[in-house]
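Please open the model in your viewer and keep the sequence panel beside it, so that you can select residues by number as you read.

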Amino acid sequence: MDLNEMGKFIAKRRKQKNITQKQLADYLDVHVTTVSKWERCNANSLIGMCMPFLKEGL
């Protein structure tokens with residue numbers, strides 16, 4: 001999965017769970033802009049932090 005696909009996947013899973021970027025950021029203990037950057041594929045250094053959310057969900 002490339003970064004563009006990963007960003008789309010993060011956004012899709014977040015929306016499926018009906019949570020905001022802020023709620024996901026709080027859950028992962030990151031800033032809301034970090035989640036936004038992940039979804040827009042502008043930041044990849046911390047993208048692994050969201051893997052538990054994507055695999056198991058909130």
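This tour starts with the whole chain, then goes to one helix, its neighbour and one residue.

Before you select anything, note that this is a predicted model, in which local features need pLDDT of at least 70 and side-chain atom pairs count only at pLDDT 80 or more, while totals for chains, interfaces and linings use all residues. Residues are numbered from 1 along each chain as its sequence is written, and side-chain values use heavy atoms, with hydrogens and water left out.

**The whole chain.** Show the chain as a cartoon, and you will find four helices and zero strands, where helices (H or I, at least four residues) and strands (E, at least two) are DSSP runs numbered from the N terminus. Of the 58 residues in the chain, 36% are buried; here buried means under 20% relative accessible area, exposed means over 50%, and partly exposed lies in between, using a 1.4 Å probe and protein chains only.

**Helix H2.** Now select residues 21–28, which form helix H2, and colour its buried residues, Leu24, Ala25 and Leu28. They lie on the same side of H2, because they cover an arc of only 100° around the axis, the arc being that of the directions from the helix axis to the C-beta atoms. In general, an α-helix has 3.6 residues a turn, so residues three or four places apart point the same way. Step on to Asp29, which follows H2 and has a positive phi, near 60°.

**H2 against H3.** Add helix H3, residues 32–39, whose axis comes within 8 Å of that of H2 and crosses it at roughly 110°; axes are lines fitted to C-alpha atoms, for helices over the stretch in contact, and angles run from 0 to 180 degrees between N-to-C directions. The two helices, H2 and H3, are therefore roughly perpendicular to each other, a term that covers angles of 65 to 115 degrees. To see the contact (heavy atoms within 4.5 Å), show Gln21, Lys22, Leu24, Ala25 and Leu28 of H2 together with Val32, Val35, Ser36, Trp38 and Glu39 of H3.

**Gln21.** Which residues does Gln21 touch, not counting residues up to four places away in sequence? Select Gln21 in helix H2, and look for Arg14, Val32, Val35, Ser36 and Glu39 around Gln21. Gln21 is partly exposed, with a relative accessible area of 23%. Finally, set a distance label from Gln21 to Ala11, which are ten residues apart in sequence and 8.6 Å apart in space, C-alpha to C-alpha.

Technical notes:
Angles under 35 degrees count as roughly parallel, over 145 as roughly antiparallel, 65 to 115 as roughly perpendicular and the rest as oblique.
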